[in-house]
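Work through the two exercises below with the structure open beside you, and try each task before you read its solution.

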Amino acid sequence: MTEIEPENIRNFCIIAHIDHGKSTLADRLLEFTGTITKREMQDQVLDDMELERARGITIKARAVCMNTTWNGRPYEMNLIDTPGHVDFHYEVSRSLACCEGALLLVDAFQGVEAQTVANAYAAIDQDLVIIPVINKIDLKHQRADEVAREMEQVLGINQDEIVRCSAKAGIGIKELIDAIVDRVPPPATNRGGDLQAMIFDSHYDDYRGAVTYIRMMNGRIEKGQKIQFKAKRTIYEVQELGHFKPKQTPRQKLLGGQVGYLICNIKSLEDVQIGDTVVRPNSDTPALPGYIEPKRMVYCGLYPSDGQDFSELREALTKLRLNDPSFEFQPESSDALGFGFRCGFLGLLHMEIIQQRLEQEADIDLVQTAPNVTYEIVTRSGEVLPIHRPQEVPNAGDIAEFRQPMVRVSLIQPEEYLGAVMKLCQERRGIQLNTEYLSPTRIMLTYRMPLAEVIYDLHDKLKSATRGYGTMDYELIGYEPADLVRIDILVNGNRVDALSIICNRGDADRRGRAVVKKLKEEIDRHMFDIAVQAAIGSRVIARETVKAYRKNVTAKCYGGDISRKRKLWQKQKEGKKRMKSIGSVDIPQKAFMAVLDRGEER
Amino acid sequence: MNFSDAKIPAPTSVYVHVPFCRQRCGYCNFALVADRDYLIKDFLTALESEMMQYEATGAIDTLFLGGGTPTLLDGDALTQLCESIFRRFKLRADGEFSIEANPNDLDSDKIKCLRDLGVNRLSLGAQSFNALKLDFLERDHDAAQIYQAIDLSRAHFESISLDLMFGVRGETAEVWQTDLDTAISTQVQHISTYELTIEKGTQFWNRTNRRERLKTNENNNAKLYLLAQERLTRAGFHQYEISNFAQPQHACRHNQAYWNGSRYWAFGPGAASFVGNTRRINHAGVIRYIRELKQGRLPLADQEHLTHRQIGIDMLVFGLRQVSGCNLMRWQEFSGLNVQDLPTTIIDRFIDAGWISLDSTAIRLTQSGLLFADAICSELFTAMDKIRGQVK
């Protein structure tokens, strides 16, 4: 096979909001370039993880190589898929660094969404050529002209450059491929130079270990040669390399400008850091810019529920981490919950995914504590302590400064919901930074807000405040001092460390009341009264009582009743699986989430 | 102990469910059809064929015709029903033969018919003597009909039992005490007291879901329950189960079989049997029941084969409903488990709370434990089920 020249390579990605048709467009491109036939086409080829399907979100980036002849010339087009969700912000930035162009895909009915804006700016920042695309122009309710004006307004896009298509109906795909060929610049590369490649993704193969996704910046790699991961300083021999078409297709070599994969007998994905640079062993080729260690923003405790095995949980977590090194865990112990693990995640979605996978793949009943963000405390002695869980907050007297992570949130919604959204943000201690009309009826609000106020349920609340029309995105802007306190929860006088929360002093009373009220609902009645209290230090700020049974006899129990009762108890037993006994009080899993209750429900 | 040592007793009881009523009361979720007596003929045929399919046969100690309202059947139908039962089963000479009856179904002819068929225990669905309460419960009889039914029956049956219900909306201790004292004054041998329970699939359930309040509160119910214990005990009744009181020698042996882990056959819609190691329950729908049998199939809604351990758990938790508790000798003999298999932590907790007492012969609920029977049994059930190391 002849070597493909850099000027015939096009590396690009698709930036889109969920549901705007990215996967369908990807399928169509594969089909039009002849990479796969219609018959081979499995719907939505790129999203192949089961969970992704269930959620309709591309969680992990993938890459596919399309070789085609276009207008009489051979081309190699590499589509690098990017995750859309903000939790995977860093992965997105690394994927973008591997492209020269980006398709900015916007739904002809939905218009520009917050996520699109955030990712589009990221692409513009990295000097990518943007090809604006309006999809779903065949929809009955399409408003492509209006959407085109929105794109011009928000993103500074020239309306003439917009390609209009329908991925589903196959309209405008040829024009789009023309645009990719004509407008996306070929990669600038020095193939004769020293090897330099960017790791932008990886996945784990049970039989072959880590599969590393790379974009060749300079030089070449051949099968059997030795390579080094710059940041990790590890050296491997390349056992196999090639392209995804979209199946793994082995090649003899990869050249500057190309995108492909490496298999080097790497046992764990932990050893493959996204953003790391692949070089010749011990060469002085510089690392590519932009590499950072993945940063976990959300932490929660995971504990085996009563009767479940701690070591089984550790095994399951270890196995999961082979697949997803961006999540981390370390053993911790809680007075209330016993031995478990403190786990760090990129964000709340990431946390939910891990949790689901644990339950689905490992069949373990978990008790999970409420998620919290990482705070920082400056002690009197000037030390800066990261706080991954509320229990770690030192005594008030030792705290010089209590800091929390802040974010800039962008929210886009139809004008009529402006009031509701502003109220929502103000309640969450948001400070308005900007208001921008995207079109006469759509507004983008920008707020500065504590991350803690954003991650738990702002997205859900926004959706319900805007009847589903609002979208949001956020980016971290650093830590700021705030007037924070730790609220402890006492159950029958015993502090349950796993139920502690950190919140703003001004909200403490309301939060405290809401939490104990919710706990009262979640904790079943026992043989005795159970006092549930919220306290700051030794000061109790709220109290509720779970009353003991007065009587609990079901009157009759004969033949048929026995069968019914057994069934009922067996069902209850299932429910009790995710339960922790603290002292002599049984606390169900749901109670640990009760601390997220903000007391807003009327 | 080796599990193969566990004994499986032969069934010694038969229950037959007669699913016909004149009307359905608001609290009732039993398998029955109201006002569709034309199905009786098909039902009797189906019942016969159900007994045939199991090749069920043998000598039995107790027979119970429940419902529904078995006494809604006329003399011929009742005779046909009993004949088909007795073709398969032989009631021992000292056997107990109970039938459930509505007070307003009983005239001297019906009573004579029942007696001729061998019925020796009559269970009257009285529910209350209070007109407002009867009305609230949607019963179609009045207090006078209860007295009359008792007077007519007294000479013909060894035992008469009354069902009484408590805890209906607005019911005070005075109202309930009057019901209890009236029942005592009729000199029946057996009284069952049931708290009104709101079951799924009833009118009361729907009304409760519409936020209508139909029961008195938990506090009041506890008070009424204790009042029943007090009044009935004082009148010479012996409480032998959570909701059952009897004069000496008049406990219902059929129901005791359910709580002791004995085996029993059960036929008819919604009927639940326990034979060998298998618990079965029939479809509750009368039409479905008839149709399945017509097509030569068993009308099973569910069946479960129990391990010895599960049998032991059942014996324990249902045995605890009896005031005499669960006899440990018998329990070991029939489940193959032994005392070490009991969930000690939980039992100790209940003993400390004064709810359970345990000695070398039996484990039983204390007087205060009786009030929390459901919570205790459900916890024991869950805890026993959890213990690992079970022999396969």
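**Exercise 1.** Is B:Gln127 buried or exposed?

*Solution.* Keep in mind from the start that this is a predicted model. Begin by finding the residue, which lies in strand S6 of chain B, a strand that covers residues 121-127. Next, take its relative accessible area, which is 6%, and compare this value with the cut-off, since a residue counts as buried when the relative accessible area is under 20%. B:Gln127 is therefore buried. Finally, look at its surroundings: leaving out residues up to four places away in sequence, B:Gln127 touches several residues, among them B:Tyr27, B:Leu134, B:Arg139 and B:Asp179.

**Exercise 2.** Describe the interface of chain B and chain A, going from its extent to its details.

*Solution.* First, count the residues that take part: 44 residues of chain B are in contact with 26 residues of chain A. Second, consider the area, remembering that the size of an interface is often given as the accessible area lost when the parts come together. Between chain B and chain A about 3,600 Å² is buried, and carbon and sulfur atoms give 56% of this area.

Third, turn to the polar side of the interface, where seven salt bridges are found and ten residue pairs are in polar contact. One of the salt bridges links A:Lys567 with B:Glu304, whose closest N and O atoms are 3.6 Å apart.

Lastly, ask which element of chain B supplies the largest share of the side that touches chain A. The answer is H15(B), with nine residues, and the residues of that side of chain B divide into 23 nonpolar, nine polar and twelve charged.

Technical notes:
Residues are numbered from 1 along each chain as its sequence is written. Chains are lettered from A and ligands numbered from 1 in the order in which they are written. This is a predicted model: local features need pLDDT of at least 70, side-chain atom pairs count only at pLDDT 80 or more; totals for chains, interfaces and linings use all residues. Side-chain values use heavy atoms; hydrogens and water are left out. Helices (H or I, at least four residues) and strands (E, at least two) are DSSP runs, numbered from the N terminus. Buried means under 20% relative accessible area, exposed over 50%, partly exposed in between (1.4 Å probe, protein chains only). Contact means heavy atoms within 4.5 Å. Buried area is the accessible area (1.4 Å probe) that two parts lose on being put together, summed over both. A salt bridge is a side-chain nitrogen of Lys or Arg within 4 Å of a carboxyl oxygen of Asp or Glu. A polar contact is a pair of N or O atoms within 3.5 Å; within protein, one must be able to donate a hydrogen and the other to accept it, and residues adjacent in sequence count only if both atoms are side-chain atoms. Ala, Val, Leu, Ile, Met, Phe, Trp, Tyr, Cys and Pro count as nonpolar, Asp, Glu, Lys and Arg as charged, and the others, Gly among them, as polar.
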